[in-house]
Amino acid sequence: MSLREAAIAYAKKNWRVHPLKPRRKDPNSPHGCLDAIADVEKIDSWWSKHPNDNIGLATGHNFFVIDIDPGGEQWFESNDLPETIQERTVRGGRHLVYALPPNVTIPNSVGSLAPGVDTRGVGGERARLQKAFRETDER
């Protein structure tokens, strides 16, 4: 799946996306995650012109992420978390993606669940690096 196709697929789920610089996590738009949209036509237009841009996903709208760094693996292994989409990160951690229930707000946090375990919610973002597409699996 190309990055353009993936960005469109996220938008069709009503997940807001924005462009990141190719092979990086830096925004390739003036306001980063604040520029995130779910407009398929605009997303198609952007990635048609910039096919190598990575995908940034604005968290906290329809989903949130538990971001587990390698140092947080013990927390992950000792908790019986619901099954979900999970991705291995470039640095050996993992992202767990969960649907956000209606009328629930999840904030961003750093280490509040456990050392090495962060949350990405309202105002946060998650990079979809090219490598991550090959490493998606289910828990």
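## Exercises on a predicted model

L100 is placed in the loop that runs between β5 (94-99) and β6 (109-114). The model is a predicted one, and the exercises below start from this loop residue.

**Exercise 1.** Determine whether L100 is buried or exposed, and state which residues it touches.

*Solution.* Step one takes the cut-off: a residue is buried under 20% relative accessible area. Step two applies it: L100 has 12% relative accessibility and therefore counts as buried. Step three lists the contacts: setting aside residues up to four places away in sequence, L100 touches G60, H61, N62, F63, F64 and I106. Step four takes one of these partners: L100 and F63 are 37 residues apart in sequence, yet their C-alpha atoms are 4.5 Å apart in space.

**Exercise 2.** Identify the cluster of rings to which F63 belongs, and describe the pair formed by Y10 and W15.

*Solution.* Step one counts the aromatic pairs: the protein has three. Step two describes one of them: Y10 and W15 lie 5.6 Å centre to centre, with 5 degrees between their planes. Planes under 30 degrees apart count as stacked, and the Y10 and W15 pair is stacked. Step three finds the cluster: ring pairs link F63 with Y10 and W15. Step four checks burial: Y10, at 9% relative accessibility, counts as buried, and W15 counts as buried at 12%.

**Exercise 3.** Find which residues of helix α1 are buried, and what follows the helix.

*Solution.* Step one locates the helix: α1 covers residues 3-12. Step two names its buried residues, which are L3, A6, A7, I8, Y10 and A11. Step three recalls a general point: an α-helix has 3.6 residues a turn, so residues three or four places apart point the same way. Step four moves past the helix: α1 is followed by N14, which has a positive phi near 70 degrees.

**Exercise 4.** Contrast H18 with E41 in location and in exposure.

*Solution.* Step one places the residues: H18 belongs to strand β1 (residues 17-20), whereas E41 belongs to helix α2 (residues 40-49). Step two considers H18, which is buried at a relative accessible area of 0%. Beyond its neighbours within four places in sequence, the contacts of H18 include S29, C33, W47, L57 and E125. Step three considers E41: a residue is exposed over 50% relative accessible area, so E41, at 69%, counts as exposed. Step four adds a distance: E41 and R91 are 50 residues apart along the chain, and 33 Å separates their C-alpha atoms.

**Exercise 5.** Describe the protein as a whole: its elements, its compactness, its surface and its charges.

*Solution.* Step one counts the elements: there are four helices and nine strands. Along the sequence they follow the order α-β-α-β-β-α-β-β-β-β-β-α-β. Step two tests compactness: the radius of gyration is 15 Å, close to the 14 Å that the globule rule gives for 139 residues, so the protein is as compact as a globular protein of that length. Its C-alpha atoms fill a box of roughly 45 × 30 × 25 Å along the principal axes. Step three turns to contacts: of those between residues at least 6 apart in sequence, 67% join residues at least 24 apart. Step four treats burial and surface: 42% of the 139 residues are buried, and the protein exposes about 7,800 Å², of which carbon and sulfur atoms supply 51%. Step five treats charge: the mean positions of the 19 positive and 19 negative charges are 4 Å apart.

Methods: Residues numbered from 1 in each chain as written. Predicted model: local features only at pLDDT ≥ 70, side-chain atom pairs only at ≥ 80, totals over all residues. Heavy atoms only, no water. Helix = DSSP H or I, 4+ residues; strand = E, 2+ residues; numbered from the N terminus. Rg over C-alpha atoms; globule rule 2.2 N^0.38 Å. Buried < 20%, exposed > 50% of the residue type's maximum accessible area, 1.4 Å probe, protein only. Contact = heavy atoms within 4.5 Å. Areas by Shrake-Rupley, 256 points an atom, 1.4 Å probe, with all protein chains shown as cover. Lys, Arg positive; Asp, Glu negative; His and termini not counted. Charge placed at Lys NZ, Arg CZ, Asp CG, Glu CD. Phe/Tyr/Trp six-rings, centres within 6.5 Å; stacked < 30°, edge-to-face > 60°.
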